Amino acid sequence: MARGAAPVHIDREARHVTLDRVPAWVCYQCDEAYFEEGEVKKIQEVIQSVEKKAAEIVSIPPYAINR
Ligand SMILES: [Zn+2]
């Protein structure tokens with residue numbers, strides 16, 4: 001494993017966020033990325049704030065609610 005960076009894709013109903021270069025440990029063999037706790041926490045905070053603010057302005061079709 002080497003210290004590097006990896007992209008994070010957040011895909012929710014009608015909400016998509018991409019973070020290009022989040023610090024991570026990357027596997028030499030398969031390129032799999034592993035994030036440390038601090039980064040995981042911050043990614044979760046990004047998801048939470050996007051969800052909160054997007055809910056105020058992003059329209060979701062009725063059929064998609066409660067899924
Ligand atoms: Zn691997």
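Strand β1, residues 2-12, is joined to β2 by 10 bridges, and the two strands run antiparallel. Helices and strands here are DSSP runs, H or I over at least four residues for a helix and E over at least two for a strand, numbered from the N terminus. Two strands count as paired if DSSP finds at least two bridges between them. One of the bridges links R3 to its partner W25 in β2.

Before I continue, a word on the source. This is a predicted model, in which local features need pLDDT of at least 70 and side-chain atom pairs count only at pLDDT 80 or more, while totals for chains, interfaces and linings use all residues. Residues are numbered from 1 along each chain as its sequence is written.

As to confidence, pLDDT is the predictor's confidence in each residue, on a scale from 0 to 100. The chain averages 90, and 93% of the residues score at least 70. Among the elements, β3 has the highest mean pLDDT, 96, and α1 the lowest, 93.

Let me return to the strands. β1 and β2 form a hairpin with 2 residues between them. A14 is placed in the loop between these strands, and its phi is near 65°, a positive value in a residue other than glycine. I class a residue as buried if 20 or more other C-beta atoms lie within 10 Å of its own, as exposed if 12 or fewer do, and as partly exposed in between, with C-beta atoms placed from the backbone. A14 is exposed, because it has 12 other C-beta atoms within 10 Å.

The next pairing is that of β2 with β3, antiparallel over 2 bridges. V26 stands opposite A33 in β3, and W25 has Y34 as its bridge partner in β3. W25 therefore appears in both pairings, with R3 as a partner and with Y34 as a partner, a backbone matter, because strands of a sheet pair through backbone hydrogen bonds, either parallel or antiparallel.

The hairpin of β2 and β3 has 6 residues between the strands. D31 is found in this loop, and its phi near 70° is again a positive value in a residue other than glycine. With 9 other C-beta atoms within 10 Å, D31 is exposed.

Y28 lies in the loop between β2, residues 15-26, and β3, residues 33-34. Is Y28 buried or exposed? Y28 is exposed, since 8 other C-beta atoms lie within 10 Å. Y28 nevertheless has partners far along the sequence: Y28 and M1 are 27 residues apart in sequence and 5.7 Å apart in space, C-alpha to C-alpha. A contact requires that the C-beta atoms of two residues, placed from the backbone, lie within 7 Å. Leaving aside residues up to four places away in sequence, Y28 touches M1 and A2.

Taken together, the 3 strands form an open sheet in the order β1-β2-β3, with antiparallel pairing. The edge strands are β1 and β3, each of which pairs on one side only. Helix α1 packs on the sheet, touching β1 and β2, and its direction makes about 175° with that of β2. For this angle, axes are lines fitted to C-alpha atoms, for helices over the stretch in contact, and angles run from 0 to 180 degrees between N-to-C directions.

I turn to the helix itself. The expected span of a helix is 1.5 Å times one less than its number of residues. For the 21 residues of α1, residues 37-57, this gives 30 Å, and the end C-alpha atoms are 31 Å apart, which agrees. How many of the 21 residues of α1 are buried? The count is 0, and α1 is hardly covered. E37, which has its place in α1, is exposed, with 7 other C-beta atoms within 10 Å. E37 and A55 are 18 residues apart in sequence and 27 Å apart in space, C-alpha to C-alpha.

Finally, the whole chain. From the N terminus on, the elements run β-β-β-α. The radius of gyration is 15 Å, well over the 11 Å that the globule rule gives for 67 residues, so the chain is more spread out than a compact globule. That radius is taken over C-alpha atoms, and the rule is 2.2 Å times the number of residues to the power 0.38. Along its principal axes the C-alpha trace spans about 45 × 20 × 20 Å. Buried residues make up 3% of the 67 residues. Of the contacts with a separation of 6 or more, 41% are between residues 24 or more positions apart.
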